[in-house]
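Here's a quick tour for anyone meeting this structure for the first time. Have a look at it, then read on.

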Amino acid sequence: MARDEVKSRRDFLSKAAMVAGGLFISAGASPFASLLYATERKSKTGPWYGMGIDLEKCIGCGRCADACKTENNVPREPFFFRTWVEQYTILNDGTVHVESPNGGIDGFSQKFPDEEIFKSFFVPKMCNHCAKSPCTQVCPVGATFTSPEGLSLVDPTYCLGCRYCVQACPYGCRYIHPVTHVVDKCTMCYHRITKGLLPACVEVCPKHAKIFGDLNDPKSELVKFMKDHSWQVLKPHMNTEPKVFYNQLRAEVR
Amino acid sequence: MPPQIKRLALLFVLFIGLFLTLKYFLTPKSFGEFGHYRGLALEEGKLKVPEYTGQKACAECHDDMMVLKMANEHASLSCETCHGAGRIHISSVDSVVVSPPKPNTREFCGICHAKNAARKADNIKQIDLKEHNKGELCTKCHNPHSPWQETK
Amino acid sequence: MQHLYEMLSKVDGYIYPNEIELNWSILIVLYPFITGLVAGAFILASLERVFKVKVLKPTYTIALLTALSFMMVATLPLISHLAQPQRFYEIMITPHLTSAMAIFGFVYLWYLMVVLLLEIWLDYRRDIVLWSQEKTGVMKRVYKILTLGVTDLSESTVKWDDKLGYFITIIGIPSAFLLHGYVGFIFGSVKANPWWSTVLMPVIFLFSAMVSGIALVMIVFMVVNYIRKQVIDMACLNEIAKYLLIALILDFALEGLDQVHRIYEAEESFNILDILVKGKLTYTLFLFQWFLGMIVPMVTLATLQFVKNRNKLKKRLYMMTGILVLCGIFFMRWNVVVGGQLFSKSFYGFTTFKLHLIGSEGIMMAALWLILPCTILAFLFWLLPPWKRHEV
């Protein structure tokens with residue numbers, strides 16, 4: 001009995017020392033962590049937005065890319081996209097062919113005869129609003145930032161146009177707007193979602209292949225989608241923690 | 001202290017002072033409110049007026065069309081999927097009504113329904129645009145709001 | 001916009017639609033090139049001062065003034081490439097500490113004001129004071145201003161010039177390493193780009209900076225002597241060539257290590273980089289950067305180490321290697337900056353790049369940013385002639 005007591009006391013002391021030491025070290029290291037990594041704390045109180053994309057449902061109509069251009073004054077030329085659709089075609093010989101003519105806005109036409117195709121599918125792309133976004137990490141002035149809702153946004157009145165963020169984005173989601181001469185990107189339709197509307201691409205999707213929602217809300221459609229499907233994110237090895245979750249994403253997609 | 005070092009120190013202090021003054025006056029007022037950015041940028045980002053109004057707004061006038069569409073194959077489509085953004089149409093005054101587009105070309109329907117290996121047969125009905133009723137408009141046989149209903 | 005449609009037809013394979021136009025063009029090639037020249041020239045100057053390589057004495061001030069004139073221009077290609085150049089001051093007033101680029105303003109100011117300007121001023125202070133007493137008219141006033149109002153030339157004060165100058169040179173060496181290693185970090189830290197993302201990038205940038213800086217000072221030294229019709233100090237020139245050879249060997253080893261590591265690890269991106277190197281970068285990488293810019297100069301300099309006398313031949317070969325090395329390092333920056341943007345981050349294809357003669361990102365603009373520092377250097381040689389200084 002007495003021995004047990006001593007043992008438990010020793011346990012307690014060693015545990016307490018460990019906790020204290022851990023706290024001490026993390027307190028010392030935490031300010032540096034925020035310097036070294038693009039750590040963005042998941043908002044605990046407000047919303048934390050994300051997007052689910054169900055590749056099973058996507059029919060590659062490109063309405064999302066089209067609506068996005070209208071909604072957000074994205075130039076119509078085929079070099080500027082906040083969102084676009086890619087068609088992947090894997091042939092029987094194993095070669096992978098990708099195309100995205102005008103971002104999919106004008107529709108797709110099948111390039112290979114059915115007999116040669118092993119598998120073909122569409123992949124809508126958009127800003128992943130990464131929780132550890134490399135683009136906001138590299139902005140030298142704070143003109144692009146992660147909003148309290150977890151969205152990577154741009155302050156067009158403050159952007160220098162240095163394009164470092166364009167280089168840092170692994171997903172090719174940023175471009176220099178030819179009219180405003182600042183960087184432009186998907187905002188998850190910030191002006192719509194803050195009014196209770198859906199993002200334009202989600203609004204017009206005929207197949208409900210895009211699911212917008214709040215990751216902090218356990219009852220949201222997005223959380224339900226994530227429970228029901230084995231989702232995957234793009235380029236997970238980049239450790240950017242994307243918040244766009246794909247169902248049925250194949251390894252060929254980059 | 002040697003005189004040249006005194007002079008350099010003075011210049012250095014002056015330079016830092018000038019820099020801090022400039023920093024004070026040039027930094028935007030709301031900078032750093034929520035993080036390392038201009039806090040007002042969030043509010044400014046909300047200002048833009050939405051172009052796509054959502055189908056509830058359409059239903060306010062076109063409830064008949066809405067009922068028809070919702071009862072048929074295209075129920076999952078939003079009005080604006082085909083007719084485009086509604087803001088201008090909705091905000092148009094009685095005298096000058098700006099009608100939204102009513103696309104009816106074969107190519108437009110083909111954007112969804114053209115045969116493509118990437119489209120699953122059980123997910124979307126497809127036709128071969130080159131074979132299926134060559135040269136005819138889709139709307140000759142199909143009512144877009146009720147695809148299998150006989151058209152007038 | 002027409003040129004973008006033209007480029008669209010030349011895209012090879014699949015690229016993300018936003019990737020068609022290169023974001024960083026020749027001006028960003030110049031930026032590491034020019035800062036590299038600064039850092040390299042300064043390191044050569046500090047060899048004399050800190051490491052007491054007495055043979056290099058004649059190049060000390062030449063190297064410092066060369067570094068200063070290029071440093072004054074270093075930010076201009078950067079600012080002129082911004083889409084909103086009038087907002088450049090934001091990088092100083094709200095620097096974002098997680099950004100590698102944000103610190104540039106401070107590193108630059110530190111290096112320019114605290115290291116280069118101070119060291120040159122302290123080194124020249126006695127001469128400036130004496131000139132301000134000897135000259136007449138406008139020049140008297142100019143030198144008066146340059147004295148900053150301190151005309152004390154007592155022995156103890158002048159001794160302080162030397163002491164402080166020595167101290168600053170010592171700080172200057174890590175600062176030069178910081179300045180250019182940091183420029184390498186801007187590229188090396190972009191994890192999205194496998195052609196850039198390597199820990200060796202800052203080190204490679206640093207050593208290539210030394211190579212280019214030493215070569216530049218060597219050329220300037222020869223040109224100055226040629227114009228002033230002086231007999232060149234061959235011992236000094238041979239010594240510079242020796243240091244150039246050492247820097248070249250180190251740089252070659254590091255770049256070789258980087259490539260060997262890439263090839264052996266052969267990560268996900270290897271296939272696309274392999275096609276890039278053997279296709280779009282064949283001439284600029286194999287021919288200009290490695291063969292003409294490295295191997296030929298290395299072999300030439302190594303051979304010359306064993307040649308005695310034959311000064312005329314040596315001078316010609318030194319000049320040739322100097323120019324080859326400068327071009328080689330320019331193409332090294334080119335291959336990093338432009339090469340890193342030619343392939344798609346989807347690893348499925350390539351975009352294309354065409355350099356234009358005119359325009360804000362054209363050859364003329366780039367030439368301007370290279371001619372300007374040379375003009376500044378000529379002006380500095382006229383204002384602070386290293387050959388008209390007063391004997392102590």
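## Chain B: contacts and folds

Among contacts in chain B between residues at least 6 apart in sequence, 42% join residues at least 24 apart. Keep in mind that this is a predicted model. Chain B is built from seven helices and zero strands, so to put its order from the N terminus on, read α-α-α-α-α-α-α.

What radius of gyration does chain B have? Chain B comes in at 30 Å, while a compact globule of 152 residues would be near 15 Å. Its C-alpha trace spans about 100 × 45 × 25 Å along the principal axes.

## Chain B: surface and charge

Of the 152 residues in chain B, 27% are buried. The accessible surface of chain B is about 10100 Å², and carbon and sulfur atoms hold 64% of that.

As for charge, chain B carries 20 positive and 16 negative side chains. The centres of those two sets sit 12 Å apart.

## Chain C: overall build

Now over to chain C, with its 14 helices and two strands. Its radius of gyration is 22 Å, close to the 21 Å that the globule rule gives for 392 residues, so chain C is as compact as a globular protein of that length. The C-alpha atoms of chain C fill a box of roughly 70 × 55 × 35 Å along the principal axes.

Inside chain C, take the contacts with a separation of 6 or more: 80% of them are between residues 24 or more positions apart. Buried residues make up 58% of the 392 in chain C. Its accessible surface is about 16800 Å², with 69% belonging to carbon and sulfur atoms. Chain C has 32 positive and 25 negative charges, and their mean positions are 10 Å apart.

## A residue to find in chain C

Try picking out C:Glu134, which lies in helix H5 (residues 104-134) of chain C. Is C:Glu134 buried or partly exposed? Partly exposed, because its relative accessibility is 48%, and the range for that label runs from 20% to 50%. C:Glu134 and C:Cys327 are 193 residues apart along the chain, and their C-alpha atoms are separated by 43 Å.

## A strand pair in chain A

In chain A, look for strand E9 (residues 210-214), where five of the five residues are buried. Side chains in a regular strand alternate between the two faces of the sheet. Here A:Lys210, A:Phe212 and A:Asp214 point one way from E9(A), while A:Ile211 and A:Gly213 point the other way.

E9(A) runs antiparallel to strand E1 (residues 49-54) of chain A, and five bridges join the two. One of the residues involved is A:Gly50, whose bridge partner in E9(A) is A:Gly213.

Conventions:
Residues are numbered from 1 along each chain as its sequence is written. Chains are lettered from A and ligands numbered from 1 in the order in which they are written. Side-chain values use heavy atoms; hydrogens and water are left out. Helices (H or I, at least four residues) and strands (E, at least two) are DSSP runs, numbered from the N terminus. The radius of gyration is taken over C-alpha atoms; the globule rule is 2.2 Å times the number of residues to the power 0.38. Buried means under 20% relative accessible area, exposed over 50%, partly exposed in between (1.4 Å probe, protein chains only). Contact means heavy atoms within 4.5 Å. Accessible areas come from the Shrake-Rupley method with a 1.4 Å probe; for residues, only the protein chains shown count as cover. Lys and Arg count as positive and Asp and Glu as negative; His and the chain ends are not counted. The place of a charge is taken as NZ of Lys, CZ of Arg, CG of Asp or CD of Glu. Two strands pair if DSSP finds at least two bridges between them.
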